[in-house]
Amino acid sequence: MQTEHLQNVRPSWVAFGWFAAAAVTGLALVGFSVLGLIHPSLDTGSGWVLLAMLVGFFCGGWLVGWRTGEAPVLHGVGVGLFSLVVWFLANLLAGLLGAAEWTGLSPTVAAASLLLQIAAAVFGAWYGTHHHALNTAAED
């Protein structure tokens, strides 16, 4: 198993993992909405929204860990922290276009969501890395 070094982190896979995590999270939210478990006006800190994030970021982390096979903690943290990059760019673009400021998240919910994303992505990347190692060993 590879050790955790920044040289083992693949930024392109971190970004791809975040996009996969966001897609799975969105799909889970649509599914919960279809089932009537959530409503668009629901608070973003509800359990169903947090569960969707947990599943989505676990899947995104797993994809990165399975594909790269190294540095699962750093890749998982990168996937979670990429949310800050996307948030910054979305707010910058909204400001340039004159859109209203987004005030829907309290600082506590935002921090908890970020920590949940990081933890889920790290665990997913760790699981994917170990799955990758098992598959590699079986092929030998």
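Guide: A residue is called buried when its relative accessible area is under 20%, exposed when this area is over 50%, and partly exposed in between. Val86, which is found in helix 3, has a relative accessibility of 25% and therefore counts as partly exposed. Please note that the model shown above is predicted.

Visitor: Before we look at further residues, how many helices and how many strands does the protein chain have?

Guide: The protein chain has four helices and zero strands. Read from the N terminus, the order of its elements is α-α-α-α.

Visitor: What share of the residues in the protein chain is buried?

Guide: The protein chain has 140 residues, and 32% of them are buried. The accessible surface of the protein chain is about 8,500 Å², and carbon and sulfur atoms account for 73% of this surface.

Visitor: How should I read contacts with regard to the sequence?

Guide: Residues count as being in contact when their heavy atoms lie within 4.5 Å. Consider the contacts in the protein chain between residues at least 6 apart in sequence: 87% of these join residues at least 24 apart.

Visitor: At what angle do helix 1 and helix 2 pack?

Guide: Helix 1 and helix 2, the latter comprising residues 47-68, pack at an angle of about 145°, and their axes are 7 Å apart. Their crossing is right-handed. The residues of this contact comprise 19 nonpolar, five polar and one charged.

Visitor: Is Thr25 buried or exposed?

Guide: Thr25 has a relative accessible area of 9%, so it is buried. Thr25 belongs to helix 1, which spans residues 11-34. Leaving out residues up to four places away in sequence, Thr25 touches Ala52, Met53, Gly56 and Phe57.

Visitor: And what is the state of Val55 in helix 2?

Guide: Val55 has a relative accessible area of 38%, which means that it is partly exposed. Val55 and Ala28 are 27 residues apart along the chain, while their C-alpha atoms are separated by 8.0 Å.

Visitor: Which residues make up the largest nonpolar core?

Guide: A nonpolar core joins buried nonpolar side chains, and the largest one here has eleven residues in all: Val9, Val14, Ala15, Trp18, Ala21, Phe57, Val64, Val79, Phe82, Ala120 and Ala121. At least two residues of this core come from each of helix 1, helix 2, helix 3 (72-96) and helix 4 (107-139). Helix 1 gives the most, namely four residues.

Visitor: Which residues does Trp18, a member of this core, touch?

Guide: Apart from residues up to four places away in sequence, Trp18 touches Phe57, Val79, Phe82, Ser83 and Val86. Of the pair Trp18 and Val86, the C-alpha atoms are separated by 9.5 Å, although the two residues are 68 residues apart along the chain.

Visitor: Ser83 appears among those contacts. Why does Ser83 count as buried?

Guide: Ser83 counts as buried because its relative accessible area is 14%, and the limit for a buried residue is under 20%. Ser83 lies in helix 3. Besides neighbours within four places in sequence, Ser83 is in contact with Trp18, Phe57, Leu114 and Gln117. The C-alpha atoms of Ser83 and Ala15 are 9.5 Å apart, with their positions 68 residues apart along the chain.

Visitor: Where is His75 placed, and which residues does it contact?

Guide: His75 is placed in helix 3. Its relative accessibility is 1%, so His75 counts as buried. If neighbours within four places in sequence are set aside, His75 is in contact with Asn8, Val9, Arg10, Val14, Val64, Thr68 and Glu70.

Visitor: What phi does Ala71 have?

Guide: Ala71 has a positive phi of about 45°, although it is not a glycine. Ala71 is located in the loop between helix 2 and helix 3. With a relative accessible area of 0%, Ala71 is buried.

Visitor: Let us finish with Pro72. Is Pro72 buried or exposed?

Guide: Pro72 lies in helix 3 and is buried, because its relative accessible area is 2%. Pro72 and Trp62 are ten residues apart in sequence, and from C-alpha to C-alpha they are 8.9 Å apart in space.

Methods
Residues are numbered from 1 along each chain as its sequence is written. This is a predicted model: local features need pLDDT of at least 70, side-chain atom pairs count only at pLDDT 80 or more; totals for chains, interfaces and linings use all residues. Side-chain values use heavy atoms; hydrogens and water are left out. Buried means under 20% relative accessible area, exposed over 50%, partly exposed in between (1.4 Å probe, protein chains only). Accessible areas come from the Shrake-Rupley method with a 1.4 Å probe; for residues, only the protein chains shown count as cover. Axes are lines fitted to C-alpha atoms, for helices over the stretch in contact, and angles run from 0 to 180 degrees between N-to-C directions. A crossing is left-handed if the near helix is turned anticlockwise from the far one by less than a right angle, and right-handed if clockwise. Ala, Val, Leu, Ile, Met, Phe, Trp, Tyr, Cys and Pro count as nonpolar, Asp, Glu, Lys and Arg as charged, and the others, Gly among them, as polar. A nonpolar core is a set of buried Ala, Val, Leu, Ile, Met, Phe, Trp, Tyr and Cys residues joined through side-chain atoms within 4.5 Å.
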